[in-house]
Structures are given as C-alpha cells and as structure tokens.
Amino acid sequence: MHDRLHKRHAPPVAHRRRDAALFLWKWIQAPTRIGSVWPSGRALGRAMAAELDLTVPGAIVELGAGTGPITATLLQSGVPPERFYAVERDPGLAAALRQRLPGVRVIEGDAGELPALMRAEGVETVSAIVSCLPLVSLPRALVRRVIEGGFDVLHPEGRFIQFTYGTISPIPLRHFRLQARRVCRVWRNLPPAAVWRYTRIPGEPVARDRG
Ligand SMILES: C[S@@+](CC[C@H](N)C(=O)[O-])C[C@H]1O[C@@H](n2cnc3c(N)ncnc32)[C@H](O)[C@@H]1O
C-alpha cells in the first residue's frame, strides 16, 4: 500500500530535474518570495508530516507548495487527499504542481488571504497548516496576515508547522503569542532545515499589540 502511494506521488528523476530548473529560475526572478534555490527534500517532508495530528478535524493546508516535494511526501505519509489543499501564489509553479500531482487540490492564491481561500472552498475548519513560506524574507505585513489569518481558521487544537533554514523561530514571537517548539533539525536537506510547531496559548489572542 505504502509502495503504491509512493510510486503514485514520487516524481521521476527527469521531472525532479525539470522542477529544480523551474524553481531556480523562479528564485532568480524573485529570491525573497521563493526563499530557497532548491526544492525541499523528502526527509524534510517526512519530518513535517510527522508533526501532523490527523485526529484533529479539518483540512490540512500546505502554504507555498512550489513544485510539490513536500506535497508529495505529505500524501505518501498518509494525509487523506480529500482533506488536503495546496496553496501556491506563483502561477507557473501552481501549473507545474497541477501537472505533477493530478488530483491534488491546488489553490493558486495568496497565503495571506487564507480565510477567504478556505471559505471559497467551503472549508470551515483547518486541522493543520504546513507552511513552506519563506517567512523571514517576506514583508512583515504579509507575515502578519498569514499568521493571524491562519490561526483564525485553525481548529483550537490545530498546529501551524513551519520549516526554516535559520536558527531562531521563523515566526517572530515578539509579535505573536504562541506556544513555539523547534521539533527537529533535518540535516539531510539542502540546506539543512529545522521544523517548528506552533499552537495557540489557550485563552490568549494570537496577535500582540502592534508597536
Ligand atoms: C521555500 S519555497 C517552498 C516550495 C516547496 N514547498 C518546497 O519546499 O520546495 C516557498 C514557496 O512559497 C511561495 N509563496 C511565497 N509567497 C507566497 C504567498 N503569499 N502565498 C502563497 N505562496 C507563496 C513561493 O512561490 C514558493 O513556491
């Protein structure tokens, strides 16, 4: 069963090379929005999938899906396709993702508008957000919309899972009240990455006062 899923979602080497070339080209055009020169590796996807709690009801939403390496690994790891949505803002990357992973619901849109995107899909609650967005290089106002909008749609026990290449929390905790935990480091990724998990502090608003 696992092998069948693996074959269905694992792109062949020729596709991986083409995806890497497309991704590099997109990075040259908009480095701060793409945030990485190469698509992520499977080990990082597995580490993010390990943070999901599928018993929490709602959709699983990936933000910044790119050419889909994390998408493919999430699905191989058992995320039910009928609960899954991939959000990607770049039209060329969204088109490549649809071609690579037919049957996956790809939303071409801005992760900063997540509540509206989910409403348009008829999704009422989100179980987990798996974010591949380069939060540290995106404009501060967009990061605020991503985090506030994300926690608006997240189930109270939902998780916001984020990777980063840096050593500190990629969500600036001086601006947000969240429980934050660096859950692992993935050395088998280029560059090595860390996975962070964020959850609500019960009874506390997520946004701190703007200062
Ligand atoms: C670091 S790449 C990750 C791509 C892929 N998930 C991976 O791990 O290889 C970040 C992705 O976020 C996308 N992105 C950046 N800003 C976005 C936004 N506001 N809404 C949706 N996607 C965005 C970029 O186009 C890019 O594909």
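1. Let's start with Asp110. In this predicted model, aspartate 110 is buried, since its relative accessible area is 16% and the cut-off for buried is under 20%. The residue sits in the loop between strand S3 (105–108) and helix H7 (114–121).

2. Which residue does aspartate 110 form a salt bridge with? The partner is arginine 145, and the closest N and O atoms are 3.6 Å apart. Arginine 145 belongs to helix H8 (residues 140–153), so the bridge ties together parts of the chain that lie 35 residues apart in sequence. Arginine 145 itself counts as partly exposed, at 37% relative accessibility.

3. Arginine 145 also meets the side chain of glutamate 113 in a salt bridge, with 3.7 Å from N to O. Here again distant parts of the chain are linked: glutamate 113 is in the loop between S3 and H7, arginine 145 is in helix H8, and 32 residues separate them. Glutamate 113 is partly exposed, with a relative accessible area of 36%.

4. Staying with helix H8, have a look at glutamate 148 and arginine 144, which form a salt bridge with their closest N and O atoms 2.9 Å apart. The two residues are four apart in helix H8, so about one helical turn separates them. Arginine 144 counts as buried, at 14% relative accessibility.

5. For the wider tally, the model has eight salt bridges. Glu51, Arg159 and Arg197 are worth a click too, as a network of salt bridges links them.

6. Now the ligand, where Asp110 turns up again. There are 23 residues around the ligand, and Ser40, Gly64, Glu88, Asp110 and Ala111 come nearest. Helix H3 (31–34) and helix H5 (69–76) each supply at least two residues of the surrounding shell.

7. What does the side chain of aspartate 110 have within 2.9 Å? One of its N or O atoms is at that distance from a nitrogen atom of the ligand. At alanine 111 it is a backbone N or O atom that lies 2.8 Å from a ligand nitrogen. Glutamate 88 places a polar side-chain atom 2.6 Å from an oxygen atom of the ligand.

8. How much of the ligand does the protein bury? Taken alone, the ligand exposes 590 Å², and 99% of that is buried by the protein. The space the ligand takes up is the largest pocket.

9. To pull the Asp110 points together: this buried residue has a salt bridge to arginine 145, and its side chain also comes within 2.9 Å of a ligand nitrogen.

How values were computed: Residues numbered from 1 in each chain as written. Predicted model: local features only at pLDDT ≥ 70, side-chain atom pairs only at ≥ 80, totals over all residues. Heavy atoms only, no water. Salt bridge = Lys/Arg side-chain N within 4 Å of Asp/Glu carboxyl O. Buried < 20%, exposed > 50% of the residue type's maximum accessible area, 1.4 Å probe, protein only. Near = heavy atom within 4 Å. Polar contact = N/O pair within 3.5 Å; in protein donor to acceptor, adjacent residues only side chain to side chain. Areas by Shrake-Rupley, 256 points an atom, 1.4 Å probe, with all protein chains shown as cover. 1 Å grid on protein atoms, 1.4 Å probe; cavity = no way out; pocket = protein on both sides within 12 Å on 5 of 7 lines; lining within 4 Å. Sits in = over half its atoms within 2 Å of the grid points.
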